[in-house]
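Colleague: Could you take me through one part of this model in detail? I would like to begin with a strand and how it sits among its neighbours, and then hear about whatever else you find worth a look.

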There are 2 protein chains.
Amino acid sequence: MTDSRIADLQASVPGLRLKTDPADLEHYGRDWTRRWTPAPLAIALPGSIEEVQSVVRWAKANAVAIVPSGGRTGLSGGAVAANGELVVSLERMNQVIGFDAIDRTLTVQAGIPLQLAQEAAREHGLQYPVDFAARGSCSIGGNIATNAGGTRVVRYGNTREWIAGLKLVIGDGELLDVGRSLVKNSSGYDLRHLAIASEGTLGIIVEATLKLTDPPPPTNVMLLALPSFDALMQVFDAFRARLQLQAFEFLTDRALHHVLAHGAQAPFAETHPFYVVTEFASDEASETEALAAFEQCMEAGLVSDGVISQSDAQAAQLWRLREGITESLARYVPYKNDVSVRLSAMPAFLAETQALLGDAYPQFDVVWFGHIGDGNLHINVLKPDDMVQAEFVADCDRVTRLLAERLHAHGGSISAEHGIGLVKKPYLSSTRSEVEIALMRGIKAVLDPAGIMNPGKLFD
Amino acid sequence: MTDSRIADLQASVPGLRLKTDPADLEHYGRDWTRRWTPAPLAIALPGSIEEVQSVVRWAKANAVAIVPSGGRTGLSGGAVAANGELVVSLERMNQVIGFDAIDRTLTVQAGIPLQLAQEAAREHGLQYPVDFAARGSCSIGGNIATNAGGTRVVRYGNTREWIAGLKLVIGDGELLDVGRSLVKNSSGYDLRHLAIASEGTLGIIVEATLKLTDPPPPTNVMLLALPSFDALMQVFDAFRARLQLQAFEFLTDRALHHVLAHGAQAPFAETHPFYVVTEFASDEASETEALAAFEQCMEAGLVSDGVISQSDAQAAQLWRLREGITESLARYVPYKNDVSVRLSAMPAFLAETQALLGDAYPQFDVVWFGHIGDGNLHINVLKPDDMVQAEFVADCDRVTRLLAERLHAHGGSISAEHGIGLVKKPYLSSTRSEVEIALMRGIKAVLDPAGIMNPGKLFD
């Protein structure tokens, strides 16, 4: 069925590339959550900022909702188009626009995949340090829209710290150019930080200027086996007291099980309840400190075994044990929680959560991993093959409500790095007060008075 | 003359400390700008967050404007009360509330002076690295409200980077608790970053949790004499390529002249057109690199002389040459511009600005200094003793309009770190687009629907 609005859009924005094939609608209408049935009106693939602005003006005039779309690797349903929205995909706007050696910035169109931006930085002898496993598919615009974290936050912080400027097309089609690579600019409200993590609800990020930094030192990767969850924070403390850690990630035995079943190589002859992947400079002083931390932890019974990479190939193998988890779980359509608390609240929260989930999910395979150095846990519940998805999700939602209560008690967040989107919307009030949510709605109405920007995501 | 509203406020908030003496009204009604005649209704000195909330609710109900007040060391008129406003001074809310060794945070009431917060961090073996000359008088709340910069930005960034959380009483008296020390929290709009640099127009910052970091290494201070303005960026490049700089500040011969007249000790036998104060670790490797950079600059004719501190006392003497400038100029009631551009735009902007000011101010003493590593210039025009202030300001405003045009052309900011307040309000549109300003007004109306929070500051 064709919709007269599509012809009208095409007439309004001549030259705009549009896709309306059912296969395209399905492809562009969903993200990695796979929980909603894609049903977009059409897919617009603008090639320039001006085209994005024209599309937004048309959408506003015609009261058509827009879903901004990057690599659609999101895990919260933020890029899902299940209600006749117009998907505005940035995939054709994927170029490096400029590099400045003095400012140490890289300016890119928002649709560029993270990995290509990283590579462009490296070609100039510098580093864009935000990193995670979806680097090949996710887009910088999507990274900014969720303030993506990843595996290097313990060293470099979240995406937010690395955005020197961005361009945003707001709900009336106007273009904001905010930040503009100024190190210092105290001239009123910081709309750049407002756009970051706004999940497409305030506008479409069309361009970004990324801060770059010196490349990381050559590094070693160490895999540690831990006898208990309780040991985790103590091992972290022992290592961070001695080393500048580039990463400190943990996974459970169940997580390792799935990665190994997916083809990774077993690191130890025996299995252990918990594992840590950590990375640090490979200079002599760092290696000495790392071994001292390791021995200290072994003596204290906090670590049962360990291996340190002897080559880049082995480092990559060890990293695969952590980075391969999400992919290895994909076939189980896992129910994901991505939560955070303050580091100081972590031990108590970990213990309570472990007990809660043990009681709540005796029948399910629960896979834990995460960025313990940032207070960020990923909890994946795997759907049994013989269970209907709706029933499984309902069962998990019930437990998420309990988890949200624990988070609220500890001052934590229901979304550390995935965003709220559709998936966590019912739990937003565990993390943000009703006053804050009302303010967010008010702010959205200022930037998007017609309410066409990713409506229904984050809040109703 | 007493105002019945004061009695009403006192009755509404029993126990609230109020000051209404003329001397107090004058003292609390102005900041370091000294351009407006203080005329507040009264001074409220709440002792708790609850009292702040009660005062705000009363002000909203009675349509009384509030001026949030910290150390009033601001240079943009942000804390001026010249229109019958109620000044809400945080000076009684000046305590350290908590320290967390694991999170590495210090929680303080917003009225605490910066220096006391720095000292509290040091007592725990850590550092709160934001620093500038007003440290003894300015308050953390004011620092946050302007996103204060200072002399360590080149190494540590602005205040914004160091705020793990803050509490804000918004225009209807509700309390926001945002940030909450979470390293990762992607749950919608970041209201913490919105409050930072909002200059009291969105609410009153009542509490802050500061991120702390490792203390700086022992350092050396080096003073360089430069033959020309053109050399400045090249000297910066030579030093930052070899060293992790803790600071890189410049001043002109006129600036040095005033500091010396104020009692500082002359560093060189001869005078030079420009000077740089830079600081770096005092380990052997850094000293070697610093001397190499110095020699390289000498050979290239970029530097004519230099001195390196041999003791902490000498380091303090050298720093005084930079930090003493503002105080040494105070008696001239200087007209201040505090502007920034991208580093890459700095050479062209410097050249244009030098020419512009040379032409525009042949009759005035113009003192330049600033944080060249952040792209931040301070331009102080000194009022001749025999000139009426209004006439002087009008003369300077004319030139600021020209300067604002140059800033606009270079994508710079009319306020790098002082804020917009009253002083720079006429020039806001040189830095922020009309669309942005309209959005800021809309956002203010969301957080402060009655328009009682520091009205007339930042924009009308």
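Modeller: Happy to! Please keep in mind that this is a predicted model. Let us start with strand 6 of chain A, residues 105-109, which pairs with strand 9 of chain A in the antiparallel sense, over five bridges. If you want a place to put your cursor, Gln109(A) stands opposite Glu207(A) of strand 9. Strand 9 of chain A also pairs with strand 7, residues 163-170, and here seven bridges join the two antiparallel strands. In that pairing, Gly165(A) faces Thr209(A) of strand 9 as its opposite number.

How enclosed is strand 9 of chain A by the rest of the structure? Eight of its nine residues, within 203-211, are buried, so strand 9 is largely enclosed by the rest of the structure. As a reminder on the pairing itself, strands of a sheet pair through backbone hydrogen bonds, in either a parallel or an antiparallel sense.

Chain B lets us look at a whole sheet. It is an open sheet of five strands in chain B, in the order 5-6-9-7-8, with antiparallel pairing. Its edges are strand 5 (96-100) and strand 8 (175-178) of chain B, each of which pairs on one side only. On average, neighbouring strands of this sheet are turned by 15° against each other, direction ignored. Starting from one edge, strand 5 of chain B is joined to strand 6 (residues 105-109) of chain B by four bridges, and the two run antiparallel. Within that pair, Phe99(B) stands opposite Leu106(B) of strand 6. Helix 3 of chain B, residues 49-61, packs on the sheet and touches strand 7 (163-170), strand 8 and strand 9 (203-211) of chain B. The direction of helix 3 makes about 40° with that of strand 7 of chain B.

Back in chain A, two helix pairs are worth your time. The axes of helix 8 (residues 231-242) and helix 10 (residues 284-299) of chain A come within 9 Å and cross at roughly 155°. Angles over 145 degrees count as roughly antiparallel, and that is why helix 8 of chain A is described as roughly antiparallel to helix 10 of chain A. The crossing of these two helices is right-handed. On the helix 8 side, the contact uses Val235(A), Ala238(A), Phe239(A) and Arg242(A), while their partners in helix 10 include Glu289(A), Ala293(A), Phe294(A) and Cys297(A). By class, this contact of helix 8 with helix 10 of chain A has eight nonpolar residues, one polar and two charged.

The other pair is helix 13 (residues 346-360) and helix 14 (residues 389-409) of chain A, packed at an angle of about 165° with their axes 11 Å apart. Helix 13 of chain A is thus roughly antiparallel to helix 14 of chain A, and their crossing is right-handed. Among the residues making the contact are Phe349(A), Leu356(A) and Leu357(A) of helix 13, together with Val399(A), Leu402(A) and Arg406(A) of helix 14. Eight nonpolar, one polar and three charged residues make up the contact of helix 13 with helix 14 of chain A.

One last stop is Arg322(A), in helix 11 (residues 312-323) of chain A. Is this arginine, Arg322(A), buried or exposed? Its relative accessibility is 6%, so Arg322(A) counts as buried. Leaving aside residues up to four places away in sequence, Arg322(A) touches Glu249(A), Phe250(A), Leu251(A), Val277(A), Phe369(A), Gly370(A), His371(A) and His378(A).

Definitions and conventions. Residues are numbered from 1 along each chain as its sequence is written. Chains are lettered from A and ligands numbered from 1 in the order in which they are written. This is a predicted model: local features need pLDDT of at least 70, side-chain atom pairs count only at pLDDT 80 or more; totals for chains, interfaces and linings use all residues. Side-chain values use heavy atoms; hydrogens and water are left out. Buried means under 20% relative accessible area, exposed over 50%, partly exposed in between (1.4 Å probe, protein chains only). Contact means heavy atoms within 4.5 Å. Two strands pair if DSSP finds at least two bridges between them. Axes are lines fitted to C-alpha atoms, for helices over the stretch in contact, and angles run from 0 to 180 degrees between N-to-C directions. Angles under 35 degrees count as roughly parallel, over 145 as roughly antiparallel, 65 to 115 as roughly perpendicular and the rest as oblique. A crossing is left-handed if the near helix is turned anticlockwise from the far one by less than a right angle, and right-handed if clockwise. Ala, Val, Leu, Ile, Met, Phe, Trp, Tyr, Cys and Pro count as nonpolar, Asp, Glu, Lys and Arg as charged, and the others, Gly among them, as polar.
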